[in-house]
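Hi,

Here's the structure I promised to pass on. Have a look at it first, and then read my notes below.

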Amino acid sequence: RQIVLALVILLIFGILCQSASAKDKYIWPLKKRFGLSGTFGEYRSTRLHTGIDLKTATVTGLSVRAVADGVIYRLSVNYRGYGRALYIRHADGLISVYGHLESFENHKLGLENIVAKKRKETGERYPGNIFINVPVKRGQIVAFSGESGFGLPHLHFELRRGESTPINPLSILEQTDVSKPVIKRLILRPVGPDSLIDGGHDDVEIRLKKPKSEKTYTAKEIPTITGEFVVLANAYDTVAAGNQCSVHKLELFADGELVYSISLDELDYSGSSGRGGLLFDNRYAYFSPPSYVYQLHNRYAADIPWEDSAVNRGILNFSEMPGKHKLTVKVWDDAGASATAEIDVVAGEQVLQKKKPPTLLKASENESMPLIQVWDDFAEVWLPVDKGAGPNPAETVQFFADGLGGGNIRLNLLEKGPDYISAALAANGTLRGRISLSIARTNESGALEWKSVPSDLYIIPKEGGVIEANDLRAEFPEGALYEDQLFQVVNAPSKEVSGVPAVGGLVKKVLPEGIPLEKDVVVSFECPTDLPARDVARCGLYEYNAKRSEWKYRGNERIGERSVGYGVRYLSTFGLLVDRVPPVIRLQIPTGSKPLKKHGNRLVVSITDIGSGIDYRTVVATIDGIVIDAEYDPDRKLLKGSFDLQNPTGRHRLLINASDRAGNPATPLDVTFR
């Protein structure tokens, strides 16, 4: 025992010394600090943020330093993503990454010359990875900050252990954050049809407040809970810069006992960094404006690196302990500051609050379909019971669900009325495919009378499957789902964009929204037969954001001759839209008020599109027939560059062409300067 204890002490001492040594060795990549706009592990729609974002005071061209001695072994030049990025391998095995750069250092390191050579060899403006071997010293300037790739001016910085394991840079870099995290609300979610919160199956949001004289966030509401439930927490940290950024660690306690704990220390590019839906809830979490809603449970029993401890996967159940209980959530930021929230809940028996189906949810536009409401892990289905003489339907009706392949299960009734009944259907491994619902009723003579109707409800197993419902098709490859899952496809309202209409009203919502996916699911629509071929070519899959009333173009892969779709990592509201509006090109600089110079003329051109967005490969600017070195920024929607003139006297023709991703060409900008 003494030997083991000594080894443990030595190991801990070694780790602490290594960490302290790293803090002394590594410096910040920007000499002047303007604060952070993003932290490690933040929500990025389908993935997690694998580094930190450093503010650059909304400007570009700041000197970027090597954070430690090392070797620049890779440059990367891409249109989106990190844009221009630089990679340094350090002696301790860590790799530092610097993204969204404006340019690489060329005066001493010759890095821009290397890029120019690669461009000439490949004929590509964005040649991707360029592998080199250039030694650099700690503090040496290696690049200049910019806004290439995705986003406005900032510097994305990463530290990786090897090529595939990003670690939290704030565990090594010295910090100055003195702000405390904020806990905005807790969300309680029932698990399964036998669980209720305040008489229903829906999420219950608990808004939190912290009186000035108190240190703990509290709430007045005391919800009543029956059965299993889970907790979600909406929290963020201002990082002393006025931003809403991700926190570092969260813990959930029930009556003082630790139930679930997570900390964002490292990720894995081969898996966990793309599993944002397992950490954040896609229905509540947003990237812009930021909203971080953490799932303080592991619903799918997934192997995830941020989970430190879990009792029953974080699923709570007070059924054996009726009465009042206290839930506590503690949150820490990367600098070690913390915040605490406490709420009370009451465990006890309760009855589902009954509502007639038409007032409970919107009826399907197809009146032949049964009424269905889908939650994460089950669906409640309603069927009418014919009125007439005979025994009470509540006593004589049996409810069944049938799936493809002959599966059949009897359902337990949830609600019983004089003219309708409802039951809960869960994905328990028995049924798959499209589900039919059946009622068997005993008539006056004692014989069973059957009534069966198809539904728009599907059960897709982990092994994969296809939804073909309500004009939408979703193809799930094997392993895309973490468990068998119920889905329903319903019509969805949306705001129409002038010139980019939804074809035939094809706007569909897949319920439940936001279910995380391990692999892309191809969602597609079949173009109507009366849609002209030219419009078929301009169709694309768009996702609708109801909170913003905005459409986002996803893609336009041709799944079949007239089928258009794209792969997605979570299910939401999708539409088949046809983009008939060409881009618009407007010249900003030069203005024509001054004559052009022989050298160093600036070019700034606005190129906007309201549908599918600009295809950067089609953007070409020439002066007197010579191609101008210019780059299109999709975030600012600006083409920027500079050009020289072979002969400054006489007339000069500036010509700019561009098309959108639907193939619509803009009216060329054709201007003559004297």
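What follows is a short tour of the empty spaces inside this protein.

One thing to keep in mind is that this is a predicted model. To find the spaces, picture a ball rolling about: rolling a probe the size of a water molecule over the atoms shows where empty space is left.

Let's start with the closed-off spaces. The count is 2 cavities of 30 Å³ or more. The largest cavity has a volume of about 150 Å³, and 18 residues line it. If you want to find its centre, look for Gly 277, Leu 278, Gln 295, Tyr 300 and Pro 516, which lie nearest to it. The lining of this largest cavity is a mix: 7 nonpolar, 6 polar and 5 charged residues.

The second largest cavity comes in at about 60 Å³. Among the residues lining it are Ser 45, Thr 46, Arg 275, Asn 282 and Tyr 570. Helix H3 (276–279), strand S38 (516–526) and strand S42 (563–570) are the elements that give two or more residues to that lining. By class, the lining of the second largest cavity splits into 3 nonpolar, 6 polar and 2 charged residues.

Now for an open space. The second largest pocket holds about 740 Å³ and has 29 lining residues, with Glu 102, Arg 125, Glu 631, Lys 640 and Gly 641 nearest its centre. Which strand gives the largest share of this lining? That's S48, with 5 residues. The pocket's lining has 8 nonpolar, 9 polar and 12 charged residues.

Cheers

How values were computed:
Residues numbered from 1 in each chain as written. Predicted model: local features only at pLDDT ≥ 70, side-chain atom pairs only at ≥ 80, totals over all residues. Heavy atoms only, no water. 1 Å grid on protein atoms, 1.4 Å probe; cavity = no way out; pocket = protein on both sides within 12 Å on 5 of 7 lines; lining within 4 Å. Points joined across faces, edges and corners; volume = space filled by probe spheres on them. Nonpolar A, V, L, I, M, F, W, Y, C, P; charged D, E, K, R; others polar. Helix = DSSP H or I, 4+ residues; strand = E, 2+ residues; numbered from the N terminus.
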